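Me: I'm just starting to read protein structures, and I'd like a close look at one part of this one. Could you pick a strand, show me what surrounds it, and then lead me to the annotated positions?

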Amino acid sequence: MDRLSSHKATKEVVQKHNFKFSKSLGQNFLIDTNVIDSIIEGARVKEGDYVIEVGPGIGTLTKEMGRTAEKVVAIEIDKTLIPILEETLSDFSNIEVINKDILKVDVQELIEEKLNGGPVKLIANLPYYITTPIVMKFLEEDIPVTDIVVMVQKEVADRMNAKPNTKDYGALSVAVQYYCDTEIVAKAPRHMFMPQPNVDSTVIGLHVREEMKYPVDNEDIFFKTVKASFGQRRKTLLNSLSGLGFLSKDQIKQALQEANIDEKRRGETLSIEEFASLANEVNRINDENK
Ligand code: SAM
């Protein structure tokens with residue numbers, strides 16, 4: 001289907017059901033088939049896969065995944081979309097639609113009950129304010145997920161994907177890349193949606209590594225160290241790490257020295273590996289304080 005006919009098909013479904021778009025639910029439906037193909041490719045969906053889609057809309061992406069995956073569970077908050085999805089997905093016995101708010105779903109239980117215990121892939125094109133919390137929930141709560149493909153505001157994708165010494169590199173880059181290899185899957189400028197949103201989007205792929213790449217002794221201390229390091233961007237690490245609140249200045253100096261990191265450097269210059277060694281020294285000294 002070319003872009004025009006995808007646009008036409010979406011319009012027809014929306015008109016037939018007299019569907020009213022909700023701005024607060026972030027309802028901008030994708031109408032560009034190239035981006036749809038890129039998302040499916042980015043998620044590396046293959047036979048035998050179990051997929052969770054959040055926010056299927058009228059089922060454009062859902063259908064494509066249903067062609068290959070073993071099972072797709074699509075969670076949609078808007079009950080007015082349910083009869084539409086029943087129609088657009090009627091050919092697929094391997095797709096189950098659940099009318100719920102993803103923020104109220106027990107994902108572990110869902111995977112146990114409906115997705116063979118996982119592992120799963122997560123696909124989502126959601127209102128932006130809930131996308132990052134959901135991605136972090138999947139990564140931090142040990143949910144068995146192998147690939148996450150999400151549509152986010154371009155700036156958020158740039159931050160998730162950023163490397164050290166760039167303006168976009170920050171706590172979100174470290175948090176995501178601590179678990180995943182990242183990949184920009186597709187650009188989705190505003191004209192690729194119906195109705196057109198006010199911002200351009202990017203589809204980012206997060207591929208969760210099977211083995212943890214960075215040896216971290218205490219994850220809580222690791223994330224606190226990262227947060228403090230980026231807390232005051234223009235300060236040197238020696239100063240910004242005082243934000244940790246539990247080490248003296250001398251102890252911060254010691255941690256930096258033992259991790260082989262110059263105290264005059266700034267947080268945005270540290271690789272994740274360096275954050276890991278620094279956090280391990282912070283953790284060791286903190287343990288000695290006890
Ligand atoms: N996946 C479709 C597409 O790409 O064309 C629709 C994407 S649209 C940007 C976002 C969808 O997420 C809407 O269908 C909206 O109703 C749904 N949604 C919004 N908040 C949600 C939530 N908390 N839980 C589940 N679905 C939600």
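Reply: Let's begin with a word of caution about the annotated positions: UniProt annotations may be inferred rather than shown by experiment, and the positions are given in the numbering used here. With that in mind, an unreviewed UniProt entry places the feature "binding site" at Asn-28, Leu-30, Gly-55, Glu-76, Asp-101 and Asn-125. Please also remember that you are looking at a predicted model.

The strand I'd pick is S5, which spans residues 120–125. Asn-125, one of the positions in that UniProt feature, belongs to this strand and is buried.

How many residues of S5 are buried? Six of its six are, so the strand is mostly covered, given that buried means under 20% relative accessible area. To see how this works on both faces, it helps to know that side chains in a regular strand alternate between the two faces of the sheet. On one side of S5 you find Val-120, Leu-122 and Ala-124, while Lys-121, Ile-123 and Asn-125 are on the other, and both sets are buried.

Now look at the neighbours of S5. Strand S2, residues 50–54, runs parallel to S5 and is joined to it by five bridges. If you want a single pair to find on your screen, try Glu-53, whose bridge partner in S5 is Ile-123. Strand S6, residues 145–153, also runs parallel to S5, and six bridges join these two. Here a good pair to look for is Lys-121, which stands opposite Asp-147 in S6. To get from S5 to S6, the chain passes through helix H6 (residues 128–140), making a right-handed β-α-β crossover.

Step back and you can see the whole sheet. It is open and built from seven strands in the order S4-S3-S2-S5-S6-S9-S7, with mixed pairing. Strands S4 (95–98) and S7 (180–188) are at the edges; each has a single partner strand, so one side of each has no neighbour in the sheet. From one strand to the next, the twist averages 15°. An antiparallel pairing can be found between S6 and strand S9 (residues 201–208), which share seven bridges. In that pairing, Ile-148 stands opposite Leu-206 in S9.

Helices pack on this sheet too. Helix H5, residues 107–114, touches S2, S3, S4 and S5, and its direction makes about 145° with that of S3. Helix H8 (residues 171–179) lies across S7 and S9 and runs at about 115° to S7.

The stretch leading into S5 has a detail worth finding. Most peptide bonds are trans, but the one from Gly-118 to Pro-119 is cis, with omega near 0°. Pro-119 sits in the loop between H5 and S5.

From the other end of S5, we can follow Asn-125 to another annotated position. Which residues does Asn-28 touch, leaving aside its neighbours within four places in sequence? They are Asn-125, Phe-193, Met-194, Pro-195, Gln-196 and Pro-197. Asn-28 itself lies in the loop between helix H1 (3–16) and strand S1 (29–30), and with a relative accessible area of 22% it is partly exposed. Two of the residues it contacts, Met-194 and Pro-195, are linked by a cis peptide bond, with omega near -15°. Pro-195 is in the loop between strand S8 (193–194) and S9.

Let's finish with Glu-76, another position in the UniProt feature. This residue lies in the loop between S3 and helix H4 (82–88). Is Glu-76 buried or exposed? Its relative accessibility is 5%, so it counts as buried, the cut-off being under 20%. Not counting residues up to four places away in sequence, Glu-76 touches several residues, including Gln-27, Gly-55, Pro-56 and Gly-57. Of these, Gly-55 is also in the UniProt feature. For one last thing to find, the Glu-76 side chain reaches the backbone nitrogen of Gly-57 at 3.2 Å.

Technical notes
Residues are numbered from 1 along each chain as its sequence is written. This is a predicted model: local features need pLDDT of at least 70, side-chain atom pairs count only at pLDDT 80 or more; totals for chains, interfaces and linings use all residues. Side-chain values use heavy atoms; hydrogens and water are left out. Buried means under 20% relative accessible area, exposed over 50%, partly exposed in between (1.4 Å probe, protein chains only). Helices (H or I, at least four residues) and strands (E, at least two) are DSSP runs, numbered from the N terminus. Two strands pair if DSSP finds at least two bridges between them. A crossover is right-handed if, with the strands pointing away from the viewer, the path from the first strand over the helix to the second runs clockwise. Axes are lines fitted to C-alpha atoms, for helices over the stretch in contact, and angles run from 0 to 180 degrees between N-to-C directions. Contact means heavy atoms within 4.5 Å. A polar contact is a pair of N or O atoms within 3.5 Å; within protein, one must be able to donate a hydrogen and the other to accept it, and residues adjacent in sequence count only if both atoms are side-chain atoms.
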